[in-house]
Amino acid sequence: QVQVVESGGGLVQAGGSLRLSCAVSGVSLRFNTIAWYRQTPGKQRELVAGISSSGMTEYGAFVKGRFTVSRDNAKNTGYLQMNSLKSEDTAVYHCNMQASWPISTGLGYWGQGTQVTVSS
C-alpha cells in the first residue's frame, strides 16, 4: 500500500523559512516524480514545485527563486525548502508522487497535506 505523508508545516513570520518533507512508503521513490501543490479555500490547487526522477525541476511562477525542491531517494523522501515566506504563501501544502514527467495534475498518490501559515 502506497502512502505519502507530509510534515514540517507550521506558523512562521513573514520572511522566515520552513522545510516540508514528503515521506513515501510502499514503493520506491527512485523512479517517480515528486510534486508539491498548495491550496487555499475557494481557490484551485496550484503547482508549487516538482522534481523528476532524474532531477529536473519545475516551479510555479510565483516562487521566484524563493523555494527549492529536492529529493533523497535513499530515504524515500522529498523536500520543499521555502525561504522568504510571504503571507500569501499561507495554504495547505500537499505532496504528490507520480510516474509522469512533465507533471500531470490529478495523477498519482496524494498526501493529506500540511498547513503552512505565514503571519505578516
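How many salt bridges does the structure hold? There are three salt bridges, and they make a good starting point for a tour of this model, which is a predicted one.

## Charged partners

The table lists each salt bridge with the separation of its nitrogen and oxygen atoms.

| Salt bridge | N to O distance |
|---|---|
| Glu46 and Arg38 | 2.7 Å |
| Asp89 and Arg38 | 2.8 Å |
| Arg66 and Asp89 | 2.6 Å |

Read down the table and you will see that some names come back. Arg66 and Asp89 meet through their side chains, and salt bridges with shared partners join Arg38, Glu46, Arg66 and Asp89 into one network.

Where do these residues sit along the chain? Asp89 belongs to the loop between E8 and E9, while Arg38 is part of strand E4, so their bridge ties together parts that are 51 residues apart in sequence. The bridge of Arg66 and Asp89 also links distant parts of the chain: Arg66 comes from the loop between E6 and E7, Asp89 from the loop between E8 and E9, and they are 23 residues apart.

Is Asp89 buried or exposed? Asp89 has a relative accessibility of 1%, so it counts as buried. Arg38 is buried too, with a relative accessible area of 7%, and Arg66 is buried at 9%. Glu46 counts as partly exposed, at 26% relative accessibility.

## A covalent tie between two strands

Next comes the disulfide, and the model has one. In general, a disulfide is a covalent bond between the sulfur atoms of two cysteines. Here the partners are Cys22 and Cys95, with their sulfur atoms 2.0 Å apart. Cys22 lies in strand E3 (residues 18–25) and Cys95 in strand E9 (residues 91–98), so the bond ties together parts that are 73 residues apart in sequence.

Why is this disulfide called left-handed? The torsion about the S-S bond of Cys22 and Cys95 is about -80°, so the disulfide is left-handed. Cys22 counts as buried because its relative accessibility is 0%, and Cys95 counts as buried at 0% as well.

## The nonpolar core

As a general point, nonpolar side chains tend to be buried together in soluble globular proteins. In this model, the largest nonpolar core has 24 residues. Those with the most contacts inside the core are Ile34, Trp36, Val48, Leu80, Met82 and Tyr93. The elements that each give two or more residues to this core are E3, E4, strand E5 (46–51), E7, E8, E9 and strand E11 (114–119).

Val48 is a handy residue to look at in the viewer. Leaving aside neighbours within four places in sequence, Val48 is in contact with several residues, including Trp36, Tyr37, Phe62, Phe67, Leu80 and Tyr93. Arg38, met above in the salt bridges, is also among the contacts of Val48.

## Aromatic rings and a charge

A search of the whole structure finds one aromatic pair. Tyr37 and Trp110 form this pair, with ring centres 5.0 Å apart and 55° between the planes, an arrangement classed as tilted. Tyr37 lies in strand E4 (residues 33–39) and Trp110 in strand E10 (residues 109–110), so the pair ties together parts that are 73 residues apart in sequence.

The two partners differ in exposure: Tyr37 is buried at 2% relative accessibility, whereas Trp110 counts as partly exposed at 27%. Trp110 has another companion as well, since Arg45 lies over the face of Trp110, at 4.4 Å from the ring centre.

## Backbone details in the loops

Most residues other than glycine have a negative phi, and most peptide bonds are trans. Some spots in this model depart from that pattern.

A cis peptide bond joins Trp101 and Pro102, with omega at about 0°. Pro102 is in the loop between E9 and E10.

Lys64 is not a glycine, yet has a positive phi of about 50°. Lys64 is found in the loop between strand E6 (57–59) and strand E7 (67–72), and is exposed, with a relative accessible area of 70%.

Ser84 likewise has a positive phi of about 50° without being a glycine. Ser84 is placed in the loop between strand E8 (77–82) and E9, and is partly exposed, with a relative accessible area of 42%.

How values were computed. Residues are numbered from 1 along each chain as its sequence is written. This is a predicted model: local features need pLDDT of at least 70, side-chain atom pairs count only at pLDDT 80 or more; totals for chains, interfaces and linings use all residues. Side-chain values use heavy atoms; hydrogens and water are left out. A disulfide is a pair of cysteine sulfur atoms within 2.5 Å. Helices (H or I, at least four residues) and strands (E, at least two) are DSSP runs, numbered from the N terminus. Buried means under 20% relative accessible area, exposed over 50%, partly exposed in between (1.4 Å probe, protein chains only). Rings of Phe, Tyr and Trp (its six-membered ring) pair if their centres lie within 6.5 Å; planes under 30 degrees apart count as stacked, over 60 as edge-to-face and the rest as tilted. A charge sits over a ring if NZ of Lys or CZ of Arg is within 6 Å of the ring centre and within 35 degrees of the ring normal. A nonpolar core is a set of buried Ala, Val, Leu, Ile, Met, Phe, Trp, Tyr and Cys residues joined through side-chain atoms within 4.5 Å. Contact means heavy atoms within 4.5 Å. A salt bridge is a side-chain nitrogen of Lys or Arg within 4 Å of a carboxyl oxygen of Asp or Glu.
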